[in-house]
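Hi,

Here is the structure I said I would pass on. Have a look at it first, and my notes follow underneath.

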Amino acid sequence: MSVAESYRPEAAEASVLLGGASHDLPIRRGTLGPDVIDIATLYQDTGHFTYDPGFTSTASCESKITFIDGDKGVLLYRGYPIDQLAERGEFMETCYLLLYGELPSREQYQDFRKLIVMHTMVHEQMARFYTSFRRDAHPMAVMVGVVGALSAFYHDSLDIHDPEQRKMASVRMIAKMPTIAAMAYKYSIGQPFIYPKNDLGYSANFLNMCFAVPCEEYKVDPVLARAMDRIFILHADHEQNASTSTVRLAGSSGANPFACISAGIACLWGPAHGGANEAALTMLQEIGSVDRIPEYIKRAKDRNDPFRLMGFGHRVYKNYDPRARIMQKTCHEVLDAVGHGNDPILQVALELERIALNDDYFIEKKLYPNIDFYSGITLKALGFPTDMFTVLFAIARTVGWIAQWKEMIEDPLQRIGRPRQLYTGATERSYMPIEAR
Ligand code: CMC
């Protein structure tokens with residue numbers, strides 16, 4: 001099959017030559033990024049599917065939410081560069097922006113914040129739900145279960161065809177996710193749950209629910225609350241990544257929003273996705289000192305060694321991940337605030353990055369640090385154990401998942417997602433009774 005593109009600005013189309021016959025395919029143009037060849041009628045017209053495992057060349061949907069230019073290292077939420085939002089804005093503003101498309105006015109911001117804080121508590125019976133998990137359960141396992149179970153508690157926000165119920169489900173998930181995550185953490189360490197405090201900001205409240213205990217006064221350090229907020233902004237959305245695509249696919253069948261977000265959390269858990277920050281920190285700790293770096297660089301370059309430099313490389317970014325720069329800065333701020341400015345693991349990370357960025361293997365393959373390279377060190381300094389790292393990612397990404405789910409549900413052309421396949425299994429054969437096999 002050859003695709004000969006005959007691009008014209010107004011009536012652009014590509015042609016596919018199949019068995020001597022040419023089939024025209026429209027080319028669609030976005031506001032930014034590569035044009036796409038629209039193959040929606042290809043099967044109907046030619047009887048052929050396309051094959052693209054891992055979706056490396058396939059746009060699965062049309063979206064107005066987030067844009068990434070991986071070659072230039074650009075990430076925009078609704079058109080706003082991530083560094084501007086992270087350095088000058090707040091997570092609540094980012095939530096509003098992702099959900100509604102514009103930054104809120106002061107009044108809209110206050111109304112939105114009020115709506116969120118009214119829903120920070122979870123149904124009291126949910127606390128009992130937690131006690132059925134083993135104490136040593138991974139908090140992501142607890143998150144998948146508890147978030148999925150929200151649909152068993154909030155029956156009045158399950159109708160995806162009712163805009164008001166969709167809104168309530170969205171607000172509930174953004175508001176309750178920190179509470180659910182903090183409860184998972186408290187349960188794992190055997191401490192009592194701490195109720196949300198609605199006079200605190202979103203991130204300060206989360207830190208309070210994680211680190212306060214009922215027997216003494218706990219004051220959230222504003223530097224750490226700001227860092228947490230920034231980390232949430234950096235992770236809030238990332239266009240059609242694996243977990244977001246999972247949420248969209250689950251939602252395309254009409255599944256309720258809580259079930260869809262639970263599916264997203266399950267996908268995020270994987271080490272090639274949200275689990276990489278945990279893996280990056282483990283790797284840095286294993287390296288331990290600057291003099292051992294060359295040994296690990298050598299292993300990362302060895303084709304016969306499955307070891308990879310965790311926190312390096314990205315499917316989309318073939319340049320420095322713009323989130324990694326802000327995360328590196330945030331990492332320094334947090335380490336200074338907690339008095340670990342000379343953390344040896346940070347020294348290993350800085351030196352590893354310097355060596356890798358000057359090494360031909362990493363240069364040729366365009367492997368740069370991604371957001372996870374510095375996030376593990378930062379989250380550890382904030383006081384979180386490694387198995388909570390992906391949970392924090394899930395809190396932040398919830399708004400992105402919801403915005404993408406909402407965009408899909410509100411699209412009048414939305415249909416159930418149903419990929420096709422290239423079948424290479426057995427051809428038809430007859431059943432044999434067991435005694436004849
Ligand atoms: N260390 C060493 N070599 C690497 C690395 C790495 N971290 N990443 C990619 N490569 C090599 C890989 O071996 C391959 O080499 P070759 O062409 O010789 O076979 C080449 O670079 C291309 O790699 P790929 O696996 O085909 O690329 P991909 O787009 O499928 O994978 C990735 C992207 C992020 C899964 C991969 O770079 C990786 O495993 N990185 C480490 C894990 C990690 O940090 N993941 C976090 C991703 S960012 C968080 C998020 O957005 O969810």
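Let's start with F55, which is exposed, with a relative accessible area of 54%. That puts F55 in the exposed class because the cut-off for exposed is over 50%. Keep in mind that this is a predicted model. You'll find F55 in the loop between α1 (42-46) and β5 (66-69). Its backbone caught my eye too: F55 has a positive phi of about 50 degrees, and it isn't a glycine. For context, most residues other than glycine have a negative phi.

K366 is another one to look at. This residue also isn't a glycine, yet its phi is positive, at about 55 degrees. K366 sits in the loop that runs between α16 (360-364) and α17 (372-382). Its relative accessible area is 41%, so K366 counts as partly exposed.

Now for a pocket. The second largest one has a volume of about 190 Å³, and 13 residues line it. If you want to find it on screen, go to E90, G201, Y202, S203 and D229, the lining residues that lie nearest its centre. The elements giving two or more residues to this lining are α3 (91-100), α4 (106-117), α8 (202-211) and α9 (222-235). Of these, α9 provides the largest share, with four residues.

What is the lining of the second largest pocket made of, in terms of nonpolar, polar and charged residues? The split is seven nonpolar, four charged and two polar.

Cheers

How values were computed: Residues numbered from 1 in each chain as written. Predicted model: local features only at pLDDT ≥ 70, side-chain atom pairs only at ≥ 80, totals over all residues. Heavy atoms only, no water. Buried < 20%, exposed > 50% of the residue type's maximum accessible area, 1.4 Å probe, protein only. 1 Å grid on protein atoms, 1.4 Å probe; cavity = no way out; pocket = protein on both sides within 12 Å on 5 of 7 lines; lining within 4 Å. Points joined across faces, edges and corners; volume = space filled by probe spheres on them. Nonpolar A, V, L, I, M, F, W, Y, C, P; charged D, E, K, R; others polar.
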